[in-house]
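User: I am new to this structure and would love a close look at one part of it. Could you walk me through the aromatic rings, and then show me the strands and cores around them?

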Amino acid sequence: QLQLVESGGGLVQPGGSLRLSCAASGFTLDYYAIGWFRQAPGKEREGVSCISKSGGRTNYADSMKGRFTISRDNAKNTVYLQMNSLKPEDTAVYYCAAKASRAGSSWCGTRTYEYDYWGQGTQVTVSS
């Protein structure tokens with residue numbers, strides 16, 4: 001059974017940092033592009049960042065550039081999202097998602113419909 005599990009969320013003060021993890025079980029992430037998404041109360045789910053299956057390509061939403069860093073450790077079957085300089089508007093449930101990529105592909109995307117497998121999410125709250 002393919003499963004993605006997010007962890008690392010919590011309560012942090014503005015300006016603080018968190019590192020989210022997305023661990024896969026039941027399949028190897030080597031063949032999957034991974035996206036991070038978030039959904040705040042009353043808002044649509046939005047793309048945060050993505051990374052190709054090899055890690056050679058990454059992409060970020062404009063408001064996250066320079067603050068968030070996505071990375072992956074295929075040996076640990078885990079993708080990370082390092083979030084620095086957090087703001088109250090970053091408060092949301094964060095989700096990771098996986099999409100199988102063709103051989104040789106460097107694709108990754110930040111649209112929800114592009115992904116096939118989703119985790120349950122982890123809450124991030126930025127507040128003083």
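Analyst: Let's begin with a term. Two rings of Phe, Tyr or Trp, the six-membered ring being used for Trp, count as an aromatic pair if their centres lie within 6.5 Å. Please keep in mind that this is a predicted model. With that meaning of a pair, the structure holds six aromatic pairs.

One of them joins Tyr32 and Tyr117: the ring centres are 6.2 Å apart and the planes meet at 70°, so the pair is edge-to-face, because planes over 60 degrees apart fall in that class. This pair bridges distant parts of the chain, as Tyr32 belongs to strand β4 and Tyr117 to strand β10, 85 residues apart. Tyr32 has a relative accessible area of 12%, so this residue is buried. Tyr117, at 34%, counts as partly exposed.

Another pair is made by Trp107 and Tyr115, with 5.6 Å from centre to centre and 40° between the planes, which makes the pair tilted. Trp107 is partly exposed, at 26% relative accessibility, whereas Tyr115 is buried, at 5%. These two rings also belong to a cluster, in which ring pairs link Phe37, Trp107, Tyr115 and Trp118.

A charged residue joins the picture at Trp118: Arg45 lies over the face of this ring, at 5.0 Å from its centre. Thr112 touches this neighbourhood too. Setting aside its neighbours within four places in sequence, Thr112 is in contact with Phe37, Arg45 and Trp118. Thr112 is found in the loop between β9 and β10, and with a relative accessible area of 32% this residue is partly exposed. Its C-alpha atom is separated by 8.4 Å from that of Ala97, which is 15 residues away along the chain.

Now for the cores. In soluble globular proteins, nonpolar side chains tend to be buried together. Here the largest nonpolar core has 28 residues, and Trp36, Phe68, Leu81, Met83 and Tyr94 touch the most other members. Among the elements that give two or more residues to this core are β3, β4, β7, β8 and β9. Another core, of six residues, lies apart from it and includes Phe37 and Tyr115, along with Cys50 and Cys108.

Strand β8, which covers residues 78–83, is worth following further. Five of its six residues are buried. It is part of an open sheet of four strands in the order β1-β3-β8-β7, with antiparallel pairing. β1 and β7 stand at the edges, each with a single partner strand, so one side of each has no neighbour in the sheet. From one strand to the next, the twist averages 15°.

On one side of β8 is β3, joined to β8 by six bridges, with Leu18 as the bridge partner of Met83. On the other, β7 also pairs with β8 over six bridges. Here Phe68 is the bridge partner of Met83, and Thr69 stands opposite Gln82. β7 and β8 form a hairpin with four residues between them, and Asn77 in the turn has a positive phi of about 60°.

To finish, here is one more ring with a charge above it: the charged end of Arg19 sits over the ring of Tyr80, 4.2 Å from its centre.

Terms used: Residues numbered from 1 in each chain as written. Predicted model: local features only at pLDDT ≥ 70, side-chain atom pairs only at ≥ 80, totals over all residues. Heavy atoms only, no water. Buried < 20%, exposed > 50% of the residue type's maximum accessible area, 1.4 Å probe, protein only. Pairing = 2+ DSSP bridges. Core = buried A, V, L, I, M, F, W, Y, C linked by side-chain atoms within 4.5 Å. Axes fitted to C-alpha atoms, helices over the stretch in contact; angles between N-to-C directions. Contact = heavy atoms within 4.5 Å. Phe/Tyr/Trp six-rings, centres within 6.5 Å; stacked < 30°, edge-to-face > 60°. Lys NZ or Arg CZ within 6 Å of the ring centre and 35° of its normal.
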